[in-house]
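User: I would like to go through this model term by term and ask, for each label, what it rests on.

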Amino acid sequence: MARGKKSYGFAFFLLFFAVVLGAGCGGGSQNKIINQDLDMQASDFECIKNWEYIAPYYLTNKLGADNLAETLKVANSPNGGTFPPGTIIQLLPMEAMVKRIKGWSPETNDWEFFALAITGTTTTIITRGKAETRNFAKMNCFDCHSKAAPQWDFVCGQNHGCDPFPANDQFIQGLQNTDTRCP
Ligand code: HEC
């Protein structure tokens with residue numbers, strides 16, 4: 001009896017390690033984030049509908065599969081998180097947020113803001129930069145987006161603390177449908 005009890009205990013001991021190590025390694029699903037820079041050129045922008053749709057915005061990551069997986073993990077998390085380098089988010093065809101290499105701009109959490117113009121299949125960068133960047137209506141991106149609570153990494157969404165966007169989802173979808181770069 002004593003012997004039987006002992007091996008039972010040992011089985012639990014092994015199970016304990018399997019669980020702890022399994023959890024510690026993320027069950028093999030841990031993403032290997034590449035900390036590289038993404039210096040977008042006008043011709044690197046494309047039809048936003050080629051990307052993942054996390055309603056109401058589109059997003060992608062140009063630095064490989066693991067970075068994209070992490071981008072999606074953060075976007076889908078109910079608790080937010082920090083987007084990895086290479087992330088591009090667009091709600092509208094003419095505005096973009098791009099995550100640069102760590103340390104590029106601590107004030108904006110390394111986001112670079114873009115105002116874009118689209119003519120046919122051609123994208124032109126009107127302006128790009130850090131906290132000083134303004135949109136097509138001369139409004140400052142950072143002023144609005146920095147009001148998002150810290151765990152949302154400057155993503156406003158509908159209830160992250162930014163001033164509300166004066167447009168409903170239908171209007172936004174209408175603007176998304178004006179992306180003439182799409183096939
Ligand atoms: C007047 C405030 C305001 C300004 C100025 C502004 N935004 Fe936003 N932006 C918002 C709000 C609010 C949302 C969320 C809209 C929604 O989901 O309904 C948003 C959404 C976005 C999104 C989708 C992800 C998210 O945060 O929800 C991106 C990308 C974005 N804006 C980029 C920009 C860029 C780039 C600029 C400047 C060129 C800019 N915005 C200027 C308020 C603003």
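User: What is the place of P56?

Analyst: P56 sits in the loop between strand 1 (52-54) and strand 2 (57-61), where helices (H or I, at least four residues) and strands (E, at least two) are DSSP runs, numbered from the N terminus. A cis peptide bond, with omega about 5 degrees, joins A55 and P56. The model is a predicted one, in which local features need pLDDT of at least 70 and side-chain atom pairs count only at pLDDT 80 or more, whereas totals for chains, interfaces and linings use all residues. Residues are numbered from 1 along each chain as its sequence is written.

User: Why is F154 called buried or exposed?

Analyst: A residue is buried if 20 or more other C-beta atoms lie within 10 Å of its own, exposed if 12 or fewer, and partly exposed in between, with C-beta atoms placed from the backbone. F154 has 24 other C-beta atoms within 10 Å, and is therefore buried. This residue, in the loop between helix 3 and helix 4 (169-176), has a phi near 70 degrees, a positive value in a residue other than glycine.

User: What makes N109 buried, exposed or partly exposed?

Analyst: N109 counts as partly exposed because 18 other C-beta atoms lie within 10 Å. Its place is the loop between strand 4 and strand 5, and its phi is positive, about 55 degrees, although N109 is not a glycine.

User: How do you know which strands pair in the sheet, and in what sense?

Analyst: Two strands pair if DSSP finds at least two bridges between them. Strand 2 and strand 3 have four bridges in the antiparallel sense, with N61 and T87 of strand 3 as bridge partners. Strand 4 and strand 5 are joined by five antiparallel bridges, and E95 has A115 in strand 5 as its bridge partner. Strand 5 and strand 6 (residues 122-129) are paired antiparallel over seven bridges. Six strands thus form an open sheet with antiparallel pairing, in the order 1-2-3-4-5-6.

User: What makes strand 1 and strand 6 the edge strands?

Analyst: Strand 1 and strand 6 each pair on one side only.

User: What is called the largest nonpolar core here, and which residues have the most contacts inside it?

Analyst: A nonpolar core is a set of buried Ala, Val, Leu, Ile, Met, Phe, Trp, Tyr and Cys residues joined through C-beta atoms within 7 Å. The largest such set has 20 residues, and I89, A96, M97, V98 and F114 have the most contacts inside it. Strand 2, strand 3, strand 4 and strand 5 each supply at least two residues of this core, and the largest share, five residues, comes from strand 5. In soluble globular proteins, nonpolar side chains tend to be buried together.

User: Which residues does M97 touch?

Analyst: Contact requires that the C-beta atoms of two residues, placed from the backbone, lie within 7 Å. Not counting residues up to four places away in sequence, M97 touches I89, W111, F113 and F154.

User: Which residues come nearest to the ligand?

Analyst: A residue is near a molecule if its C-beta atom, placed from the backbone, lies within 6 Å of it. There are 26 residues around the ligand, and N135, M139, C141, C144 and C156 come nearest. Strand 3 (87-90), strand 4 (95-99), strand 5 (111-119) and helix 3 (141-145) are the elements that give two or more residues to this shell.
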